[in-house]
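Me: Please take a close look at one residue in this model and set out what surrounds it. Then carry on to other parts of the chain, with cut-offs stated.

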Amino acid sequence: MKKIKAVIVDDEQHALDALDIQIARCNADVEVLAKFSNPEEAVRYLKNNEIDILFLDIEMPRMNGFQLLAQWNPPPFEVIFTTAYDQFAVEAFRVSAFDYLLKPVDRELLINVFTNFKKNQNKGISLEQLSLLRELINQKETPLIKIPLPVSDGLIFIGQQDIIRCEGDAGYTHIYINNAKPILLSKTLKDVEEQLFRGCGFIRVHQSHLINPLYLKKYIKSEGGYLIMTDGTHIPLSRRKKEDFLDLFR
């Protein structure tokens, strides 16, 4: 079977490398022909080489994803946006029927991308589709996510950017907040991750720990590996999670 030819464009080198590694692990007959942190270089390459799928970040300096795609009418390849956007922009992707992957990229969702591509290789990209996505994303400032945390007398809404980490304790979870007292939820860490933090960019690094990478200060590889958060907390990095975690920052 013919290999799927892919190119990755993202202004962050660690995001380029992490996605490249994840694609290789999918075993989906995909060949990454090139990776670009410079969108102008990517345009030159894409105009002189045939590819099947472009993995494209939207927010990039000098030339954003929309400006890059405007070089074609329409682009002769499938586009998969890779994004760290919040829920508002994710809804824009859904409404405009574009495929997207949230960072850090989940391997199972990535495999689904390749499976769907093989089923619909002639789907192509619609300019109307792209125009709608641009309009939806640009129509207002992307709001900061407020995460509703269930407490004894109702709900308390905490900004995603204010949550440092979560620590599981049997059937409970401690939510550690910047410049505030921790909140205790009567939910397991698994439930908190799946019900409250899905798509928010938090990273599960241990059976008992979920962290916000905004507050990650240092990774120490000795003593089995652990993380130091900006509040000074030491978080163990489990052997099972270690490889996927390091892939995000290579």
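Reply:
**Close view**

Lys35 is found in strand E2 (helices, H or I of at least four residues, and strands, E of at least two, are DSSP runs numbered from the N terminus). The model is predicted, so local features need pLDDT of at least 70 and side-chain atom pairs count only at pLDDT 80 or more, while totals for chains, interfaces and linings use all residues. Residues are numbered from 1 along each chain as its sequence is written, and side-chain values use heavy atoms, with hydrogens and water left out.

At 34% relative accessibility, Lys35 counts as partly exposed (buried is under 20% relative accessible area, exposed over 50%, partly exposed in between, with a 1.4 Å probe and protein chains only). Leaving aside residues up to four places away in sequence, Lys35 touches Ile8, Leu16, Asp17 and Asp20 (contact means heavy atoms within 4.5 Å). Ala6 is 29 residues from Lys35 along the chain, and their C-alpha atoms are separated by 9.0 Å.

Ala6 also belongs to a core of 18 residues, separate from the largest one, that includes Ile23, Leu110 and Phe114 (a nonpolar core is a set of buried Ala, Val, Leu, Ile, Met, Phe, Trp, Tyr and Cys residues joined through side-chain atoms within 4.5 Å). In the largest nonpolar core, which has 20 residues, Val9, Leu54, Leu56 and Leu68 touch the most other members. Strand E2 (30–36) supplies at least two residues of this core, as do E1 (4–9), H2 (39–46), E3 (53–57), H3 (65–69) and E4 (78–83). Among the contacts of Leu56, again not counting residues up to four places away in sequence, are Val9, Leu68 and Phe81.

Ile23, Leu110 and Phe114 appear again where two helices meet: Leu19, Gln22, Ile23 and Arg25 of H1 touch Arg107, Leu110 and Phe114 of H5. Helices H1 (residues 13–25) and H5 (residues 107–119) pack at about 70 degrees, with their axes 10 Å apart (axes are lines fitted to C-alpha atoms over the stretch in contact, and angles run from 0 to 180 degrees between N-to-C directions). The two helices are therefore roughly perpendicular (65 to 115 degrees).

Further along the chain, Ala170 lies in the loop between strands E8 (163–169) and E9 (172–177). Its phi is near 60 degrees, a positive value in a residue other than glycine, and at 73% relative accessibility Ala170 counts as exposed. Asn179, in the loop between E9 and E10 (183–185), has a positive phi near 55 degrees. Asn179 is exposed, with a relative accessible area of 77%.

Key: Angles under 35 degrees count as roughly parallel, over 145 as roughly antiparallel, 65 to 115 as roughly perpendicular and the rest as oblique.
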